[in-house]
Amino acid sequence: VRSGWQAELEREGLAPVARSTPTNDGGEYPACPACGTAAPLADGACSDCGLQLE
Ligand SMILES: [Zn+2]
């Protein structure tokens, strides 16, 4: 018998394996709130759109 939450995940294509995305790992670069770019900061600013993040 499958539990409800597991069936729900499979129906939405979010099997437990797919949860290990690097974006929320904590050790990766934070995504820029403006453009969504997750890359090393350039002088404390987003290297893509230039938003100051630090
Ligand atoms: Zn940006």
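This is a short walk through the structure, one selection at a time.

**Start with the whole chain**

Keep in mind as you look around that this is a predicted model. Show the protein chain as a cartoon: its secondary structure comes to one helix and zero strands. The helix, H1, covers residues 4-11. Now colour by accessibility, and you will find that buried residues make up 9% of the 54 residues in the chain. If you draw contacts between residues at least 6 apart in sequence, 0% of them join residues at least 24 apart.

**Select the zinc ion**

Which protein atoms serve as donors of the zinc ion? Pick Cys32, Cys35, Cys46 and Cys49, and show their side chains: the SG atom of each is a donor, and these atoms lie 2.3 to 2.4 Å from the zinc ion. Along the chain, the donors follow the spacing C-x2-C-x10-C-x2-C.

Try the angle tool next. The four donor atoms subtend angles of 105 to 116° around the zinc ion, and the arrangement is therefore tetrahedral. For reference, the ideal angle for four tetrahedral donors is 109.5 degrees.

Two of these cysteines are worth a look with the surface switched on. Is Cys46 buried or exposed? Cys46 counts as buried because its relative accessibility is 7%, under the 20% cut-off. Cys49, at 40%, falls between the 20% and 50% limits, so this donor counts as partly exposed.

**Look for the cavity**

Rolling a probe the size of a water molecule over the atoms shows where empty space is left. Here the structure holds one cavity of 30 Å³ or more, with a volume of about 30 Å³. To find the cavity, select its lining: Pro30, Cys32, Thr37, Ala39, Leu41, Cys46, Ser47 and Leu53. Two zinc donors, Cys32 and Cys46, are among the donors you have just visited, and both also appear in this lining. By type, the lining residues divide into six nonpolar, two polar and no charged.

**Stay with Ala39**

From the cavity lining, centre on Ala39, which lies in the segment after H1. Which residues does Ala39 touch, leaving aside those up to four places away in sequence? The answer is Tyr29 and Ser47. Ala39 and Tyr29 are ten residues apart along the chain, and their C-alpha atoms are separated by 5.7 Å.

Now move to Glu28, also found in the segment after H1. Draw a C-alpha to C-alpha distance from Glu28 to Pro40: the two are 9.2 Å apart in space and twelve residues apart in sequence. Glu28 has 43% relative accessibility, so this residue counts as partly exposed.

**Finish at Asp43**

The last stop is Asp43, in the segment after helix H1. Check its backbone: most residues other than glycine have a negative phi. Asp43 is not a glycine, yet it has a positive phi of about 55°. On the surface view, Asp43 is exposed because its relative accessible area is 77%, over the 50% limit.

Note on methods. Residues numbered from 1 in each chain as written. Predicted model: local features only at pLDDT ≥ 70, side-chain atom pairs only at ≥ 80, totals over all residues. Heavy atoms only, no water. 1 Å grid on protein atoms, 1.4 Å probe; cavity = no way out; pocket = protein on both sides within 12 Å on 5 of 7 lines; lining within 4 Å. Points joined across faces, edges and corners; volume = space filled by probe spheres on them. Nonpolar A, V, L, I, M, F, W, Y, C, P; charged D, E, K, R; others polar. Donors = N, O, S within 2.8 Å, 3.2 Å for Na, K, Ca; no water. Tetrahedral: all angles 85-135°; square planar, octahedral: opposite > 155°, others 65-115°. Buried < 20%, exposed > 50% of the residue type's maximum accessible area, 1.4 Å probe, protein only. Helix = DSSP H or I, 4+ residues; strand = E, 2+ residues; numbered from the N terminus. Contact = heavy atoms within 4.5 Å.
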